[in-house]
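Me: I would like to go through this model by question and answer, taking its empty spaces, a helix pair and some backbone details in turn. Could you keep the terms explicit as we go?

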Amino acid sequence: MTASTETQRPGRLGDPERNLRTDPRTDPRTLAALAPFGLDVNGAPAPLTPDAPREQQLEYAMAAEAGFEAVFAALADGLEPIEGIEHRTETITGPAGNDITLYISRPAGATGPLPGILHIHGGGMVILQAAGPLYCRLRDELTATGLVVVGVEYRNGAGVLGAHPFPAGLDDCAAALAWTHEHRAELGISTLTVAGESGGGNLTLATAIRAKRDGMLDAIDGVYAMVPYISGIYGRSAAEREAELPSLVECDGYFISCDLMGVFVEVYDPGAAHATDPLCWPYHATADDLAGLPPHVISVCEVDPLRDEGLAYHRTLLEAGVDARSRTVPGACHAADLMFRAAAPDMYLATVQDVHDFAAGLTG
């Protein structure tokens, strides 16, 4: 390959020094929002590797959680509250005798059953909380379109709600699904869509696969996974990642990086004991694993390291005969369409509306 051909390749495949700021595809409004945090350029490598002592990994995850929560709180600061929404919480008992908090939102004064969303937050299954400001905002935005939304506070692999490796978080999501399905009438839910982004996209897809295995597919009418974090191969060499999922090199370091994700993989799945288990890493599901699942949407972002694994999962869904649709958000880094309510409102609201339209179009 000649040098001139190499420079034409997208992202860091063509120029290893490229970052969100210098990649011409990046939406400039998102760059302006990320710049105050220094996230418009590629950060320093993670200070440890997946073979570091677990105690150090957990400390690193705790620090990463604090950093992300601070950024998300700043992005949510100053947004006008959304009126006309009723909120309540429900605490259910998880499979290990643990408490699982469910955050329930419903349009005030709504009559009759409405489409429902079981929302599973992101954070690599390792950090962040459903109670965080961006997730509270997202649930309210979805609710304002005419949905009943149930947010799940599951056990994380690390951070404030850790340390609980796989399958603790998935167990909690399955328990939340069972409870929500059982209480559809009380909640005023007609159909139920499981939805989540990033690590929540992983748990969204894994919850559907598990429901099939557990004979509970009647609990799920639809699945909407956004920027799903599902391959678990982030710690492999750049050559291996490029050969299998090129975006893991093309966009590495664009807001999130493979070295960070590689550490999170080890925190969630110590010793890679479940490296090809679809319940842990749904990318490895076969068409047989997915056959018979309800309709899906897989939403990815153009300049996201995780873009190609989401698209690959969509292809496996189609191979399995599942009613599935994919969408790509142009110019967006990882989960940009769910972060920048103020900076890029059209991008944000387009995703919110698409989730609503999908859920509203389902039949139970």
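The questions and replies below deal with cavities, pockets, one helix crossing and backbone geometry.

Me: What kind of model is this, and which pLDDT is needed for local features?

Reply: Residues are numbered from 1 along each chain as its sequence is written, and side-chain values use heavy atoms, with hydrogens and water left out. The model is predicted, side-chain atom pairs count only at pLDDT 80 or more, totals for chains, interfaces and linings use all residues, and local features need a pLDDT of at least 70.

Me: What is the volume of the largest cavity?

Reply: On a 1 Å grid over the protein atoms alone, a cavity is a set of points where a 1.4 Å probe fits but cannot get out, whereas a pocket is an open set with protein on both sides within 12 Å along at least five of seven lines, and lining residues have an atom within 4 Å of a point. Grid points are joined across faces, edges and corners, and a volume is the space filled by probe spheres set on the points. A search of the whole structure finds 1 cavity of 30 Å³ or more. The volume of the largest cavity is about 300 Å³.

Me: Which class supplies 17 residues to the lining of the largest cavity?

Reply: The lining of the largest cavity comprises 23 residues, with Phe72, Gly123, Leu128, Ser198 and His334 nearest its centre. Ala, Val, Leu, Ile, Met, Phe, Trp, Tyr, Cys and Pro count as nonpolar, Asp, Glu, Lys and Arg as charged, and the others, Gly among them, as polar. The lining of the largest cavity has 5 polar and 1 charged residues, and the class with 17 is nonpolar.

Me: Which helix gives the largest share of the lining of the largest pocket?

Reply: The largest pocket, with a volume of about 590 Å³, has 24 lining residues, and Gly43, Ala44, Phe255, Ser257 and Leu260 lie nearest its centre. Helices (H or I, at least four residues) and strands (E, at least two) are DSSP runs, numbered from the N terminus. Helix 4 and helix 11 each supply at least two residues of this lining, and the largest share, 6 residues, comes from helix 4.

Me: How are helix 6 and helix 8 oriented to each other?

Reply: Axes are lines fitted to C-alpha atoms, for helices over the stretch in contact, with angles from 0 to 180 degrees between N-to-C directions; those of helix 6 (residues 168-182) and helix 8 (residues 199-213) come within 10 Å and cross at roughly 65 degrees. Angles under 35 degrees count as roughly parallel, over 145 as roughly antiparallel, 65 to 115 as roughly perpendicular and the rest as oblique. Helix 6 and helix 8 are therefore roughly perpendicular to each other.

Me: Which residue follows Phe166 across a cis peptide bond?

Reply: In the loop between strand 4 (148-153) and helix 6 lies Ala163, which is joined to Gly162 by a cis peptide bond with omega about 0 degrees. Pro167 is also placed in the loop between strand 4 and helix 6. With omega near 10 degrees, the cis bond from Phe166 leads to Pro167.

Me: What is the value of phi at Leu128?

Reply: Leu128, one of the residues nearest the centre of the largest cavity, is found in the loop between strand 3 (114-120) and helix 5. Its phi is positive, in a residue other than glycine, at near 75 degrees.
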